[in-house]
Amino acid sequence: LTERIALDEQIIVMERRIEEYIEQARVDEGRRMDLLRIADELRGRVAALEAELLSNREKFEAALANANAQTEQERNRNAMLERRLRDTEAQVEHERQRTNDV
């Protein structure tokens with residue numbers, strides 16, 4: 001009878017442990033599901049940031065190309081103005097020479 005009582009007590013202790021393990025497994029599964037949800041959210045955020053980065057890169061490259069084109073236009077305009085200035089200076093010098101000759 002004493003053996004039977006000791007065995008029953010061991011069975012009760014083991015059943016409690018099994019229940020604790022099952023509960024811990026449920027908690028672990030809940031944590032795992034939370035982590036999977038968080039990982040999905042992070043993947044979504046990363047995808048959104050990658051899309052924003054690509055968009056910003058495209059905008060930057062377009063702005064840079066535009067700035068380069070404007071710079072080239074300004075160089076051409078400056079070169080034209082310098083040619084006009086030299087032509088005007090040459091005309092002034094020519095008129096000065098003519099005036100001195102008279």
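User: Is Glu23 buried, partly exposed or exposed, and how do I read that?

Analyst: Start with the scale: buried means under 20% relative accessible area, exposed means over 50%, and partly exposed lies in between, using a 1.4 Å probe and protein chains only. Glu23 has a relative accessible area of 42%, so Glu23 is partly exposed. Keep in mind that this is a predicted model, where local features need pLDDT of at least 70 and side-chain atom pairs count only at pLDDT 80 or more, while totals for chains, interfaces and linings use all residues. Residues are numbered from 1 along each chain as its sequence is written, and side-chain values use heavy atoms, with hydrogens and water left out.

User: Which side chain does Glu23 meet in a salt bridge?

Analyst: First, the idea: side chains of opposite charge can pair when their charged atoms come close. The rule here asks for a side-chain nitrogen of Lys or Arg within 4 Å of a carboxyl oxygen of Asp or Glu. Glu23 meets Arg26, at 3.7 Å from N to O. Arg26 itself is exposed, because its relative accessible area is 55%.

User: How many salt bridges does that rule give?

Analyst: The count comes to 11. Another one joins Glu41 to Arg37, with their closest N and O atoms 3.1 Å apart. Both are partly exposed: Glu41 has a relative accessible area of 38%, and Arg37 has 43%. Asp34 comes in here too, since Asp34, Arg37 and Glu41 are linked in a network of salt bridges.

User: Where do these partners sit in the chain's helix?

Analyst: Helices are DSSP runs of H or I with at least four residues, strands are runs of E with at least two, and both are numbered from the N terminus. Arg26 and Glu23 both lie in helix 1, three residues apart, which is about one turn of the helix. Glu41 and Arg37 are also in helix 1, four residues apart, again about one turn. Then there's Arg98 with Glu95, whose side chains meet in a salt bridge at 3.6 Å, N to O. These two are three residues apart in helix 1, so about one helical turn separates them.

User: How many helices and strands does the chain have?

Analyst: One helix and zero strands. Helix 1 covers residues 2-101.

User: What does that do to the overall dimensions?

Analyst: Try the radius of gyration, taken over C-alpha atoms; the globule rule is 2.2 Å times the number of residues to the power 0.38. A compact globule of 102 residues would come out near 13 Å, but this chain has 43 Å. The C-alpha atoms fill a box of roughly 145 × 15 × 10 Å along the principal axes. For a feel of the distances, take Ala51 and Asn100: they are 49 residues apart in sequence and 72 Å apart in space, C-alpha to C-alpha.

User: What share of the residues count as buried?

Analyst: Of the 102 residues, 0%. Ala51, found in helix 1, is partly exposed at 47%.

User: Which residues make a nonpolar surface patch?

Analyst: Patches use residues with over 30% relative accessible area and no salt bridge; like charges are joined within 9 Å, and nonpolar side chains (Val, Leu, Ile, Met, Phe, Trp, Tyr) within 5 Å. Areas come from the Shrake-Rupley method with a 1.4 Å probe, and for residues only the protein chains shown count as cover. Here Leu35, Ile38 and Leu42 make a patch of about 270 Å². Leu42 counts as partly exposed, at 43% relative accessibility.
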